[in-house]
Amino acid sequence: VKEKGKAHFQFYRSEMNSILKNVVEMETLLRKAIERDELSLHYQPQVDLLTKRVNSFEALLRWNNQVLGPISPGEFIPLAEDTGLIIPIGNWVVDTACKQIHEWSEKYKQDLRIAINISPKQFQQYNLLKIIQKSIEKYRINPKLLEIEITEGAMQDTTDTAPILSRLKDLGVSISVDDFGTGYSSLNYLKQFPIDVLKIDQSFVKDVLTYDKDAAITTTIIHLGRSLGVEVIAEGVENEEQAHFLLNAKCHKAQGYLYSKPLPPAEIEKNFLEEFYIK
Ligand code: C2E
Ligand code: CA
Ligand code: CA
Ligand code: CA
């Protein structure tokens with residue numbers, strides 16, 4: 001019995017070691033990801049449910065490492081947040097998205113908005129506002145074409161977040177609440193912060209046709225957004241039935257695999273910008 005216990009323990013310990021080793025290795029590689037040019041932004045279209053037009057996109061970070069291959073944001077974003085690497089990576093995202101806004105504005109002569117994800121940790125960065133302002137000036141873009149997606153987690157610490165958000169608002173940057181309805185006291189945040197867009201979390205959209213509660217919550221968020229005069233975007237829309245429900249409920253926009261997965265810029269241009277309308 002004793003032997004068996006020991007063997008188990010050793011197995012557990014070596015398993016733990018290899019997990020720890022992987023995390024340390026991943027951190028080392030992530031640290032070099034920017035200079036090695038391994039990061040990129042993919043873009044997912046947000047479709048106007050009435051006109052079927054696309055004039056906004058969400059930027060989603062991708063990491064393709066030489067050794068490990070593609071690693072999903074679900075894996076490396078938490079690591080980046082824990083190690084502080086989210087600061088240089090987040091700054092790279094701001095710069096790259098602003099550059100993309102500039103390129104598309106020049107090329108297509110129309111207002112195309114790009115939303116970037118900002119983690120709560122980035123609001124603890126004293127010069128976040130400066131970083132964003134610099135990139136806007138560097139690429140001479142219209143600030144309203146840049147949108148900041150924040151979660152309710154970022155709004156929890158109002159002392160850090162509130163002043164930055166109101167300065168961003170003064171600059172003309174759009175502000176969006178991501179995963180709306182999944183955090184705490186969302187309603188209070190809506191009152192305190194200058195919000196432009198509400199994004200209905202995919203967990204509600206997923207079962208909107210099969211569960212009365214999800215349907216009720218989704219409809220209520222849409223009504224709430226409309227009464228506040230903010231744009232409402234449903235996330236994770238995967239089929240026509242969901243899109244139809246959302247259109248009926250007067251949701252403004254939808255984003256999801258039904259229309260497109262997140263794609264590299266060249267494919268976005270080919271599929272959405274060169275034609276203008278969804279096929
Ligand atoms: P999120 O901001 O809630 O992004 C939505 C996620 O849902 C994305 O996963 C997107 O690819 C995925 N998605 C889009 N349409 C559908 C659909 O129809 N069905 C389903 N099931 N999923 C869909 P992704 O790209 O793996 O990103 C995961 C999370 O990583 C994001 O969640 C966000 O929290 C974080 N993230 C991604 N890029 C960045 C970034 O640049 N900075 C920061 N701080 N976080 C990021
Ligand atoms: Ca998001
Ligand atoms: Ca989301
Ligand atoms: Ca999410």
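Asn 117 is partly exposed, with a relative accessible area of 29%, where partly exposed covers the range between buried, under 20%, and exposed, over 50%, computed with a 1.4 Å probe on the protein chains only. Before I go on, please keep in mind that this is a predicted model, in which local features need pLDDT of at least 70 and side-chain atom pairs count only at pLDDT 80 or more, while totals for chains, interfaces and linings use all residues. Residues are numbered from 1 along each chain as its sequence is written, chains are lettered from A and ligands numbered from 1 in the order in which they are written, and side-chain values use heavy atoms, with hydrogens and water left out.

Asn 117 brings us to the calcium ion (ligand 2), which is coordinated at 2.1 to 2.4 Å by Glu 58 (OE), Asn 117 (OD1), Glu 149 (OE) and Asp 178 (OD). Donors here are N, O and S atoms within 2.8 Å of the metal, or 3.2 Å for Na, K and Ca, and water is not among the atoms, so sites may look incomplete. Along the chain, the donors of this calcium ion (ligand 2) follow the spacing E-x58-N-x31-E-x28-D. Glu 58 belongs to strand β2 (residues 54-65) and Asn 117 to strand β4, so the pair ties together parts that are 59 residues apart in sequence; strands are DSSP runs of E with at least two residues, helices are runs of H or I with at least four, and both are numbered from the N terminus. Unlike Asn 117, which is partly exposed, Glu 58 is buried, at a relative accessible area of 4%.

Let us move to the neighbouring ions. Asp 178 bridges the calcium ion (ligand 2) and the calcium ion (ligand 3), and these two ions lie 3.9 Å apart. The calcium ion (ligand 3) is held at 2.2 to 2.6 Å by Asp 178 (OD), Asp 179 (OD), and Glu 235 (OE) listed twice, and its donor residues are spaced D-D-x55-E in sequence. Asp 179 in strand β6 and Glu 235 in the loop between β8 (231-234) and α10 (240-248) are 56 residues apart, and this pair links distant parts of the chain. Glu 235 counts as buried at 7% relative accessibility, whereas Asp 179, at 25%, counts as partly exposed.

Which residue coordinates both the calcium ion (ligand 4) and the calcium ion (ligand 3)? That residue is Asp 179, and the two ions are 3.8 Å apart. The protein donors of the calcium ion (ligand 4) are Asp 179 (OD), listed twice, lying 2.6 to 3.1 Å from the ion. Asp 179 sits in strand β6 (residues 174-180), and its phi is near 50°, a positive value in a residue other than glycine. A positive phi also appears at Lys 250, where the angle is near 70°; Lys 250 lies in the loop between α10 and β9 (253-254) and is exposed, with a relative accessible area of 52%.

Now to the largest pocket, which has a volume of about 740 Å³. A pocket, on a 1 Å grid over the protein atoms alone, is an open set of points where a 1.4 Å probe fits, with protein on both sides within 12 Å along at least five of seven lines, and lining residues have an atom within 4 Å of a point. Grid points are joined across faces, edges and corners, and the volume is the space filled by probe spheres set on the points. Of the 33 lining residues, those closest to the centre are Glu 58, Leu 60, Pro 73, Asn 117 and Asp 178. At least two lining residues come from each of β1 (39-48), β2, α2 (73-83), α3 (86-108) and β6.

Finally, two buried residues away from that list. Gln 125, in the loop between β4 (113-117) and α4 (128-138), counts as buried at 8% relative accessibility. The side chains of Gln 125 and Asn 91 are joined by a polar contact of 3.3 Å, meaning a pair of N or O atoms within 3.5 Å, where within protein one must be able to donate a hydrogen and the other to accept it, and residues adjacent in sequence count only if both atoms are side-chain atoms. Ala 154, found in helix α5 (residues 152-156), counts as buried at 2% relative accessibility. The C-alpha atoms of Ala 154 and Lys 121 are separated by 7.7 Å, although these residues are 33 residues apart along the chain.
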